[in-house]
Amino acid sequence: MRRLMALLLTLFLSGLLSALWPQGLMAPDLFLVLALWYAQGSPAYLGLPVAFLLGLLQDLLGYGLVGLHGVGLLFAAYAYYAANRRLASGESLPALVAFTWAFAAKWLGHFLVAYWLRLEIPPLIPLDLLLEALFTLPLFLLARRFRP
């Protein structure tokens with residue numbers, strides 16, 4: 001029940017942010033936060049498929065290429081599991097490192113799919129990625145407190 005409420009809250013906040021967020025500014029990735037929150041309290045054989053399905057849901061809701069966010073969130077969850085296995089859980093600095101690793105893996109997944117589909121790869125603007133990470137990080141840290 002708690003996971004269903006988290007999904008409904010993510011859908012509501014995602015819709016609200018898409019309506020209120022300034023045009024051209026990268027919004028926080030709430031689906032990434034939800035995928036990492038779910039991965040935090042689940043084994044990998046459950047967390048990875050759920051992350052992929054959340055990415056597919058994000059693609060369908062955002063009218064994007066189906067599978068682009070799915071692969072991105074799958075890479076992010078896999079990197080999060082790998083980072084959590086090697087770092088001490090429950091502390092702030094390892095959580096920041098795990099989030100950074102997962103965020104970078106998400107974008108690596110996006111660019112690999114874009115390259116594979118021979119899409120025009122958008123210019124990589126580090127400031128946009130940094131702003132998205134800075135907007136997403138507090139929400140991730142807040143979600144960590146509400147473990148499943």
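So, the largest pocket: in this predicted model, 38 residues line it, and the ones that lie nearest its centre are Met26, Ala27, Gln58, His69 and Glu132. Six helices each give two or more residues to that lining: helix 1 (2-20), helix 2 (30-40), helix 3 (44-61), helix 4 (68-86), helix 5 (92-116) and helix 6 (126-144). If you want to know which one gives the most, that's helix 5, with five residues. The volume comes out at about 970 Å³. And for those of you thinking about chemistry, the lining splits into 23 nonpolar, nine polar and six charged residues.

Okay, on to the second largest pocket. That one holds about 410 Å³ of space. Its lining has 15 residues, and Leu9, Thr10, Leu13, Val33 and Ala143 are the ones that lie nearest the centre. The elements giving two or more residues here are helix 1, helix 2 and helix 6. Helix 1 has the largest share, seven residues. By class you get 13 nonpolar, one polar and one charged.

Quick aside on the method, since somebody always asks. Rolling a probe the size of a water molecule over the atoms shows where empty space is left.

Now, helix 2 has come up for both pockets, so let me stay with that helix for a minute. How many of the residues of helix 2 are buried? Eleven of its eleven, so you can call this helix mostly covered; the cut-off for buried is under 20% relative accessible area. Reading along, that's Leu30, Phe31, Leu32, Val33, Leu34, Ala35, Leu36, Trp37, Tyr38, Ala39 and Gln40. And what do those buried residues pack against? Helix 1, helix 3, helix 4, helix 5 and helix 6. At the N-terminal end of helix 2 there's a cap from Asp29, with a side-chain oxygen 3.4 Å from the backbone nitrogen of Phe31.

Moving past that helix, look at Ser42, which is in the loop between helix 2 and helix 3. Buried or exposed? Ser42 counts as buried, because its relative accessibility is 9%. The side chain of Ser42 reaches back to the backbone oxygen of Tyr38, at 2.9 Å. Tyr38 is itself one of the buried residues of helix 2. If you skip residues up to four places away in sequence, Ser42 touches Arg3, Gly47 and Tyr81.

Next, a few leucines. Leu17 sits in helix 1, and with a relative accessible area of 22% Leu17 is partly exposed. Leaving out neighbours within four places in sequence, Leu17 is in contact with Pro28 and Leu30; Leu30 belongs to that buried set in helix 2. For a sense of span, take Leu17 and Ile121: they're 104 residues apart in sequence and 25 Å apart in space, C-alpha to C-alpha.

Put that beside Leu141, over in helix 6. Leu141 and Val33 are 108 residues apart in sequence, and their C-alphas are 8.9 Å apart in space. You've met Val33 already, among the residues nearest the centre of the second largest pocket. Leu141 counts as partly exposed, because its relative accessibility is 35%.

The last leucine is Leu68, in helix 4. Leu68 is buried, given a relative accessible area of 18%. Not counting residues up to four places away in sequence, Leu68 touches Asp59, His110, Val113 and Ala114. There's also Leu56, twelve residues from Leu68 in sequence and 7.8 Å from it in space, again C-alpha to C-alpha.

Let me finish with helix 5, the one that gives the most to the lining of the largest pocket. Helix 5 has 25 residues and reaches 36 Å from its first C-alpha to its last, close to the 36 Å expected at 1.5 Å a residue. So what happens just after helix 5? There you hit Arg118, with a positive phi of about 60°. That's a positive value in a residue other than glycine, if you're running backbone checks. Arg118 lies in the loop between helix 5 and helix 6, and Arg118 counts as exposed because its relative accessibility is 62%.

That's what I had.

Methods: Residues are numbered from 1 along each chain as its sequence is written. This is a predicted model: local features need pLDDT of at least 70, side-chain atom pairs count only at pLDDT 80 or more; totals for chains, interfaces and linings use all residues. Side-chain values use heavy atoms; hydrogens and water are left out. On a 1 Å grid over the protein atoms alone, a cavity is a set of points where a 1.4 Å probe fits but cannot get out, and a pocket is an open set with protein on both sides within 12 Å along at least five of seven lines; lining residues have an atom within 4 Å of a point. Grid points are joined across faces, edges and corners, and a volume is the space filled by probe spheres set on the points. Helices (H or I, at least four residues) and strands (E, at least two) are DSSP runs, numbered from the N terminus. Ala, Val, Leu, Ile, Met, Phe, Trp, Tyr, Cys and Pro count as nonpolar, Asp, Glu, Lys and Arg as charged, and the others, Gly among them, as polar. The expected span of a helix is 1.5 Å times one less than its number of residues. Buried means under 20% relative accessible area, exposed over 50%, partly exposed in between (1.4 Å probe, protein chains only). A polar contact is a pair of N or O atoms within 3.5 Å; within protein, one must be able to donate a hydrogen and the other to accept it, and residues adjacent in sequence count only if both atoms are side-chain atoms. Contact means heavy atoms within 4.5 Å.
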